[in-house]
Amino acid sequence: MKAQTIEFVVRSRGGVVAEVGKSAVFQPKAHYSGEPVKWYQEKPKQECR
């Protein structure tokens, strides 16, 4: 997987590092073969009788 964004935060209190945090959003690698995409065929909802 590839990391899309990373944020890095350092919080300090009185000149002393209190917390260190980071976050990342992972995204799966795209596998596109060049073939057309099969889309879902929508069907109208049937009425209940």
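# Notebook: salt bridges and a nonpolar patch

I started with the charged side chains and found R11, R13 and E19 linked in a network of salt bridges. The model is predicted, and I read every value below with that in mind.

**Entry 1, the charged network.** I looked up the pairs one by one. R11 forms a salt bridge with E19, and their closest N and O atoms are 3.7 Å apart. R13 also pairs with E19, here with the closest N and O atoms at 3.5 Å. I counted with a cut-off of 4 Å between the side-chain nitrogen and the carboxyl oxygen, and the count comes to 2 salt bridges. As background, I noted that side chains of opposite charge can pair when their charged atoms come close.

**Entry 2, exposure of the pairing residues.** Is R13 buried or exposed? I found R13 exposed, with a relative accessible area of 58%. E19 has a relative accessible area of 37%, so I logged E19 as partly exposed, the class between 20% and 50%.

**Entry 3, V10.** I then turned to V10, which is found in strand β1, residues 2-13. Its relative accessible area is 46%, and I entered V10 as partly exposed. Which residues does V10 touch, leaving out those up to four places away in sequence? I found V17 and E19. The contact with E19 ties V10 to a residue that I had already listed in the salt-bridge network. I also checked V10 against G21: the two are 11 residues apart in sequence, and their C-alpha atoms are 6.5 Å apart in space.

**Entry 4, the nonpolar patch.** V10 turned up again in a nonpolar patch on the surface, together with F8, V17 and V20. I noted about 410 Å² of accessible area for these four residues together. Where does the patch come from? Strands β1 and β2 (16-27) each supply at least two of its residues. F8 lies in strand β1. I found F8 at 58% relative accessibility, which counts as exposed because the class begins over 50%.

**Entry 5, the whole chain.** I closed with the totals. The chain has 0 helices and 2 strands. How many of its 49 residues count as buried? The share is 0%, with buried taken as under 20% relative accessible area. For the accessible surface of the chain I recorded about 5,800 Å², with 53% belonging to carbon and sulfur atoms. Last, I looked at contacts between residues at least 6 apart in sequence, and 16% of them join residues at least 24 apart.

Note on methods
Residues numbered from 1 in each chain as written. Predicted model: local features only at pLDDT ≥ 70, side-chain atom pairs only at ≥ 80, totals over all residues. Heavy atoms only, no water. Helix = DSSP H or I, 4+ residues; strand = E, 2+ residues; numbered from the N terminus. Buried < 20%, exposed > 50% of the residue type's maximum accessible area, 1.4 Å probe, protein only. Contact = heavy atoms within 4.5 Å. Patch = residues over 30% accessible without salt bridge, like charges linked within 9 Å, V, L, I, M, F, W, Y side chains within 5 Å. Areas by Shrake-Rupley, 256 points an atom, 1.4 Å probe, with all protein chains shown as cover.
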